[in-house]
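I opened a fresh notebook page for a structure I had not met before. Here is what I looked up, step by step, for anyone meeting it alongside me.

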Amino acid sequence: TSILILNGPNLNLLGTRQPEVYGTTTLLDIEHRCKAIAIELGVAMSFQQDNSEGALVDHIHAARGTHDGIILNAGAYTHTSVALMDAISSVELPVIELHLSNIHAREEFRHKSFIAPVALGVICGFGAAGYGHALRAMTEHLRAAA
Ligand code: DQA
């Protein structure tokens with residue numbers, strides 16, 4: 001079982017970016033925690049970040065055949081990207097939409113997600129811990145489906 005954790009724009013700045021909203025944990029810290037949780041769960045994991053929409057589309061395409069599921073924090077592209085939505089529909093892999101913040105408790109423009117309609121489920125509002133919750137949820141889903 002192999003899971004891709006894919007991060008979108010500005011998430012490379014975690015730790016210093018609006019810590020009152022996103023916390024002080026860096027993306028590297030999150031990656032290290034995810035690696036430890038993946039080992040505990042007995043799954044393989046890849047962790048990637050890109051600021052550009054096309055590169056994220058490429059990562060989703062490349063996941064077909066190499067990963068069994070994707071955990072996607074698409075950042076602001078969540079609220080704008082038909083291209084990411086179409087990429088997810090095209091590869092037919094289960095996707096968990098993930099956000100550190102509770103997007104529904106924030107500005108109106110963050111309430112709309114292009115990812116949610118094509119996602120297995122959505123985890124938001126649990127900060128950095130959400131990555132671990134998503135890994136566990138995806139692992140359980142893949143094991144139940146196997
Ligand atoms: C985010 C929420 C998005 O609205 C925002 O644009 C981000 C981060 C989150 O993890 O809370 O970049 O995806």
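**Entry 1: the annotated active site**

I began with Y22, which I found in helix α1, residues 19-22. I went there since UniProt, in an unreviewed entry, lists Y22 and H99 under "active site". Along the sequence these two spread over 78 residues, yet in space they cluster, with a largest C-alpha distance of 9.4 Å. I reminded myself that this is a predicted model.

**Entry 2: how confident is the prediction?**

Before going further I checked the scores. The protein has an average pLDDT of 97, and 100% of the residues score at least 70. For the model I noted an ipTM of 0.99 and a pTM of 0.96. I also kept a general caution in the margin: where pLDDT is low, predicted coordinates should not be read in detail.

**Entry 3: around the ligand**

Which residues surround the ligand? I wrote down N10, N73, G75, A76, T78, H99, L100, S101, I103 and R110. Sorting this shell by residue type, I got three nonpolar, six polar and one charged. I was pleased to meet H99 again here, having just seen H99 in the "active site" annotation.

**Entry 4: the annotated binding site**

Next I looked up "binding site" in UniProt, again from an unreviewed entry, and found N73, H79, D86, L100, S101 and R110. These positions spread over 38 residues of sequence and are also spread in space, up to 24.2 Å between C-alpha atoms. I then placed N73 in strand β3, which covers residues 69-73. N73 is also one of the residues surrounding the ligand.

**Entry 5: two packed helices**

How do helix α3 and helix α4 pack? Helix α3 covers residues 53-63 and helix α4 covers residues 82-91; I noted an angle of about 5 degrees, with the axes 9 Å apart. Angles under 35 degrees count as roughly parallel, so α3 is roughly parallel to α4. From α3, the contact is made by E53, L56, V57, I60, H61 and A63. From α4, the partners are A83, L84, A87, I88 and V91. Sorted by type, the residues of this contact are nine nonpolar, one polar and one charged.

**Entry 6: an annotated transmembrane region**

Last, I checked the "transmembrane region" that UniProt, in an unreviewed entry, places at residues 114-134. In the model, this stretch is 29% helix and 19% strand. The C-alpha atoms at the ends of residues 114-134 are 19 Å apart.

Key:
Residues numbered from 1 in each chain as written. Predicted model: local features only at pLDDT ≥ 70, side-chain atom pairs only at ≥ 80, totals over all residues. Near = placed C-beta within 6 Å. Nonpolar A, V, L, I, M, F, W, Y, C, P; charged D, E, K, R; others polar. pLDDT = per-residue confidence, 0-100. Axes fitted to C-alpha atoms, helices over the stretch in contact; angles between N-to-C directions. Helix = DSSP H or I, 4+ residues; strand = E, 2+ residues; numbered from the N terminus. Parallel < 35°, antiparallel > 145°, perpendicular 65-115°, else oblique. Contact = placed C-beta atoms within 7 Å. UniProt positions renumbered as here; feature names shortened; annotations may be inferred.
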